[in-house]
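Reader: I would like to learn how to read a model like this one. Please take it feature by feature.

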Amino acid sequence: MNVRELTTLEFDQQHLWHPYTNVTKPGPTFVVKEAEGVYLTLDDGTRVIDAMSSWWCMMHGHRHPQITQAMHDQIDRMPHVMFGGLTHDPAVDLGRKLLEITPKALSRVFYCDSGSVAVEVAMKMAVQYQHALGHSGRSEFATIRSGYHGDTWKAMSVCDPDTGMHHLFQGALSVQHFVDRPPITIDQPWSEDAALNGLAELQQVLEAGHNKIAALILEPVVQGTGGMYFYHPDYLNAARRICDELGILLIFDEIATGFGRTGAMFATDLCTVEPDIICLGKGLTGGHISFACTMTNDRVAEGIGGGKPGIFMHGPTYMANPLACATAKAALDVLTGQDWQACVKGLERQMRVELASARDLENVADVRVLGGIGVIEMKHQVSADAAHARAKDMGVFLRPFGKNIYTMPPFVTSPDELSQITAGMLRLAREL
Ligand SMILES: *Cc1c(COP(=O)(O)O)cnc(C)c1O
């Protein structure tokens, strides 16, 4: 058949790959015609609430007028220009804004295209820093299990070995150092007992490998794709101390947690220490265009710059893309221009109340809420495909993964819309 005669959906199903999907047997897929605020309009005219914030990035609603205006203004002036030997106001304006809101010591910004690349950049920075200090053997990484850091090779090597399917890529992935995820959750009281709080294992693994380990990389407080697990921030304070003792850098991947999602501007703000390197992405542009960055402190930047070869060995073609920078600056202005804390608190309070009844369901293992994240963890794997149609009936777009039926609603979700989302989640928990 001539491909021109195929409908949108037919062409899609026969020719396009989707994320983590079987290309020859794709599941149900909706055609979206338009997106505005919290709503997606499908080709059959149905409007559904985007309860996923389009994979957690569309925090202020689709097609936010202030953000799209900034995009129009920038696109008419200069959509792109290379960043080697050139600079521009959008990059600088965004940099100023980032320095204002990120943890104090982070003073150097590396712009890149996506979260996974931001993680690659962070890992390269760590290795190059160690190399500059004369520790050329330190090129491995430590991390905690059930983490997720992206889909590129090096990022994948520090994803959870089971859910990241390390066995499938055996031989191609670098072997890294894994410790169990921190056992004490954010809702439990902290225990100083190092065996109970998981720090004994961390200490032991870092000590044993410290001549080979460049950095410890983890998602602070919230592990996202690896299981939607919320652990105690005190773990991070202790991790910082252990890393310092051993000369190991600390990398926080805040790609999912950054920009208010947990109720704090950054999950880092929930603990008392700062990382050496931070990765930001997803919500950076409020879900309007792919963009990310890696920030580091003067110590790491000066270490790399003062060592050999001095230059940092990374530079994407679209580095600091002006359109993306202007978009991100506008999205951050929207974020800080509102009472986002009250907004996220409101989402949290309502989700705690409305999701609580899921605890009574036999197949539910746990219900947890933190900031703008609401999770019903089932005792079994949930089929995302089976969830789609049921959620659509409820006027909601939900895409569970693993055992988790979850939402990360846009910050602009109204109480009524949020009730519709939680009702959809409860239905899935009952029926799937
Ligand atoms: C989504 C995510 C990434 C990867 O970002 P992409 O933009 O999809 O490459 C990395 N780390 C964390 C914690 C994420 O949630």
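The dialogue below goes from the domains to the ligand and then to some local features.

Author: First, the ground rules. This is a predicted model, in which local features need pLDDT of at least 70 and side-chain atom pairs count only at pLDDT 80 or more, while totals for chains, interfaces and linings use all residues. Residues are numbered from 1 along each chain as its sequence is written, and side-chain values use heavy atoms, with hydrogens and water left out.

Reader: Into which domains is the chain divided?

Author: Domain bounds come from an automatic or database domain assignment. Here domain 1 covers 67-337 and domain 2 covers 339-431. Their C-alpha centres are 27 Å apart.

Reader: How many residues of domain 1 and domain 2 are in contact?

Author: Contact means heavy atoms within 4.5 Å. By that rule, 19 residues of domain 1 meet 17 residues of domain 2. Buried area is the accessible area (1.4 Å probe) that two parts lose on being put together, summed over both. For these two domains the value is about 1,500 Å², with 69% from carbon and sulfur atoms. On the domain 1 side, Met228, Phe230 and Arg261 lose the most area to domain 2, together 48% of what that side buries.

Reader: How many salt bridges cross the interface of domain 1 and domain 2?

Author: A salt bridge is a side-chain nitrogen of Lys or Arg within 4 Å of a carboxyl oxygen of Asp or Glu. The rule finds 0 across this interface, although the structure holds 18 salt bridges. One of them joins the side chains of Asp244 and Arg240, at 2.7 Å from N to O. Helices (H or I, at least four residues) and strands (E, at least two) are DSSP runs, numbered from the N terminus. Both Asp244 and Arg240 lie in helix 8 (residues 234-246), 4 residues apart, about one turn of the helix.

Reader: Which residues surround the ligand?

Author: A residue counts as near a molecule or strand if one of its heavy atoms lies within 4 Å of it. The residues around the ligand include Trp56, Tyr148, His149, Glu219 and Ile255.

Reader: Where do polar atoms of Gly115, Asp253 and Lys282 lie relative to the ligand?

Author: A backbone N or O atom of Gly115 is 2.8 Å from a ligand oxygen atom. In the side chain of Asp253, an N or O atom lies 2.7 Å from a nitrogen atom of the ligand. For Lys282, a polar side-chain atom is 2.5 Å from an oxygen atom of the ligand.

Reader: Which residues does a cis peptide bond join?

Author: Lys308 and Pro309, with omega about 5°. Pro309 sits in the loop between helix 9 (298-306) and helix 10. As a separate backbone feature, Ser53 has phi near 45°, a positive value in a residue other than glycine. Ser53 is placed in helix 2 (residues 53-56).

Definitions and conventions. A polar contact is a pair of N or O atoms within 3.5 Å; within protein, one must be able to donate a hydrogen and the other to accept it, and residues adjacent in sequence count only if both atoms are side-chain atoms.
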